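I am opening a notebook page on a structure I have not looked at before. I will put down what I looked up, one entry at a time.

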Amino acid sequence: TCSYLPNFLSWVVVVGISFTLFNPYYGVLQNICEALGIGYTDITTNSDTFVGFLVGSAIWKGMGMQSIIYLAALSGMDMEMFEAATVDGANRAQKLWYITIPSIAPTCAIVLILAVGGLLSGDFEQIYLFAGENAQLLSISDVFETFVYRNGIRAAEFSFPAAVGLFQSFFACILVLLTNWLSKKFGYEGIW
């Protein structure tokens, strides 16, 4: 429940929680560091730590959905294989390597294909809410979506951002087709 709960939270709520925890003036971590006599810098506005913070918050928010997918794959495994391996004297590492991983490999292949499709797209809501109009943070966190928003919708220049969006979709499609082909080449099922 604790790992899946962030999946239900909006990025607006996650940003609010993050600013409550990490704010350098009234944040919880700042108060703890101050009580311990440790210096504190805000990782949400520091350009050196901002990208790591974005990646960490995206992993925290998305790990619940991934855990559900892999738990479903694990629950569909044949338990008789584990019993036979136990009778044959296999230890836990051998069961993991020779039974569990090969059993969930097709699910991993499908998840990889779907993840590669979203590789070129960043999460606009997350980046825009965390970076906002901060030019220092925007210069290191700019993705296709924020670029299209800034140069297309706000500047009313629709042709160039439309071309950027088409470019992104075209190459994402090529990456999905390539990953699907590689998945089939290695003997796993693809999406089609």
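Is Leu21 buried, partly exposed or exposed? I note at the start that this is a predicted model. I looked up Leu21 and found that it counts as partly exposed, because its relative accessibility is 32% and the partly exposed class lies between 20% and 50%. I also noted that Leu21 lies in helix α2.

Next entry, on the surface. I found Leu21 in a nonpolar surface patch of about 570 Å², which it makes together with Val13, Ile17, Val28, Ile32, Leu36 and Ile38. The elements that give two or more residues to this patch are α2, spanning 11-22, and α3, spanning 28-36.

Next entry, on the interior. I looked up the largest nonpolar core and found that it has eleven residues, among them Trp11, Val14, Phe22, Phe53 and Leu137. Two or more residues come from each of α2, α4 (50-75) and α7 (124-131), and the largest share, four residues, comes from α2. I then followed Phe22, which, leaving aside its neighbours within four places in sequence, is in contact with Leu29, Tyr40, Asp42, Ile43, Thr44 and Phe53. I also found a second, separate core of six residues, which includes Ala73, Met77, Phe82 and Ala85.

Last entry, on cysteines. I looked up Cys33, which counts as buried because its relative accessibility is 16%, under the 20% cut-off, whereas Cys173 is partly exposed with a relative accessible area of 43%. How many disulfides does the count come to? I wrote down zero disulfides.

Notes:
Residues are numbered from 1 along each chain as its sequence is written. This is a predicted model: local features need pLDDT of at least 70, side-chain atom pairs count only at pLDDT 80 or more; totals for chains, interfaces and linings use all residues. Side-chain values use heavy atoms; hydrogens and water are left out. Patches are made of residues with over 30% relative accessible area and no salt bridge: like charges are joined within 9 Å, nonpolar side chains (Val, Leu, Ile, Met, Phe, Trp, Tyr) within 5 Å. Accessible areas come from the Shrake-Rupley method with a 1.4 Å probe; for residues, only the protein chains shown count as cover. A salt bridge is a side-chain nitrogen of Lys or Arg within 4 Å of a carboxyl oxygen of Asp or Glu. Buried means under 20% relative accessible area, exposed over 50%, partly exposed in between (1.4 Å probe, protein chains only). A nonpolar core is a set of buried Ala, Val, Leu, Ile, Met, Phe, Trp, Tyr and Cys residues joined through side-chain atoms within 4.5 Å. Contact means heavy atoms within 4.5 Å. A disulfide is a pair of cysteine sulfur atoms within 2.5 Å.
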